[in-house]
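User: I am new to this structure and would love a close look at one part of it. Could you walk me through the salt bridges and their surroundings?

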Amino acid sequence: MSLLVPRKIRWPGLLVFIAAVAFTLYAALAPGDDTTGLIPWDKAKHFIVFYGLTFLATMALPRSRWWKIAIVLLGFGVAIEILQGLPIIGRDADVFDIVADALGIGFFFGPIMVRDGLNRD
């Protein structure tokens with residue numbers, strides 16, 4: 001196999017992506033105060049985290065279709081909110097967190113969607 005042929009999975013990138021997903025899941029389910037930290041607004045945190053996860057996913061899976069990555073990441077965001085809504089977790093689920101997740105994903109893929117739309121013949 002030639003080194004110039006893009007691979008379907010970039011393993012080092014996939015490991016970084018999986019670590020980021022694990023950390024995101026831990027941070028989302030761990031008890032704590034969401035208002036502390038560098039970014040005090042919870043929705044901005046969701047936007048930034050899912051923008052970053054989208055970037056990492058595209059680096060790890062360069063030949064995957066953008067909409068498949070978007071669906072999986074949005075499903076991850078929905079799963080986090082469902083888990084946060086469980087009484088045993090002790091967190092609050094918020095539909096606007098899912099909106100912020102979707103906006104983070106959408107802002108990453110927006111230029112790609114525009115480019116692909118303009119390049120159609």
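Analyst: Happy to help; here is a walk through the salt bridges, the helix that carries their shared partner, and a few other places.

Please keep in mind that this is a predicted model. The structure holds three salt bridges, and Lys-43 is a good place to start. Lys-43 pairs with Asp-42, and the closest N and O atoms of these two are 3.3 Å apart. Both residues are buried: Lys-43 has a relative accessibility of 18%, and Asp-42 has a relative accessible area of 18%. Each counts as buried because the cut-off is under 20% relative accessible area.

Lys-43 also forms a salt bridge with Asp-94, where the closest N and O atoms are 2.8 Å apart. Asp-94 lies in the loop between helix H3 (66-84) and H4, while Lys-43 belongs to helix H2, so this pair ties together parts that are 51 residues apart in sequence. Asp-94 is partly exposed, with a relative accessible area of 24%.

The remaining partner is Asp-97, whose salt bridge with Lys-43 has its closest N and O atoms 2.7 Å apart. Here, too, distant parts of the chain are linked: Asp-97 is in helix H4 and Lys-43 in helix H2, 54 residues apart. Asp-97 is buried, at 3% relative accessibility. Through shared partners, the salt bridges join Asp-42, Lys-43, Asp-94 and Asp-97 into one network.

Now for the helix that holds Lys-43. Helix H2 covers residues 42-60, and its 19 residues should span 27 Å at 1.5 Å a residue; the end C-alpha atoms are 27 Å apart, which agrees. Asp-42 and Lys-43 are among the buried residues of H2, and others include Ala-44, His-46, Phe-50, Leu-53 and Ala-57.

Helix H4 deserves a second look as well. Phe-109 sits in this helix, which runs over residues 95-118, and Phe-109 is buried, with a relative accessible area of 2%. Phe-109 and Phe-55 are 54 residues apart in sequence, yet their C-alpha atoms are 9.1 Å apart in space.

Finally, let us turn to the surface. Lys-8, Arg-63, Arg-65 and Lys-68 form a positive patch there. Lys-8 comes from the segment before helix H1 (11-29). With a relative accessible area of 60%, Lys-8 is exposed, whereas Lys-43 counts as buried.

Terms used: Residues numbered from 1 in each chain as written. Predicted model: local features only at pLDDT ≥ 70, side-chain atom pairs only at ≥ 80, totals over all residues. Heavy atoms only, no water. Helix = DSSP H or I, 4+ residues; strand = E, 2+ residues; numbered from the N terminus. Expected span 1.5 Å × (residues − 1). Buried < 20%, exposed > 50% of the residue type's maximum accessible area, 1.4 Å probe, protein only. Patch = residues over 30% accessible without salt bridge, like charges linked within 9 Å, V, L, I, M, F, W, Y side chains within 5 Å. Areas by Shrake-Rupley, 256 points an atom, 1.4 Å probe, with all protein chains shown as cover. Salt bridge = Lys/Arg side-chain N within 4 Å of Asp/Glu carboxyl O. Lys, Arg positive; Asp, Glu negative; His and termini not counted. Charge placed at Lys NZ, Arg CZ, Asp CG, Glu CD.
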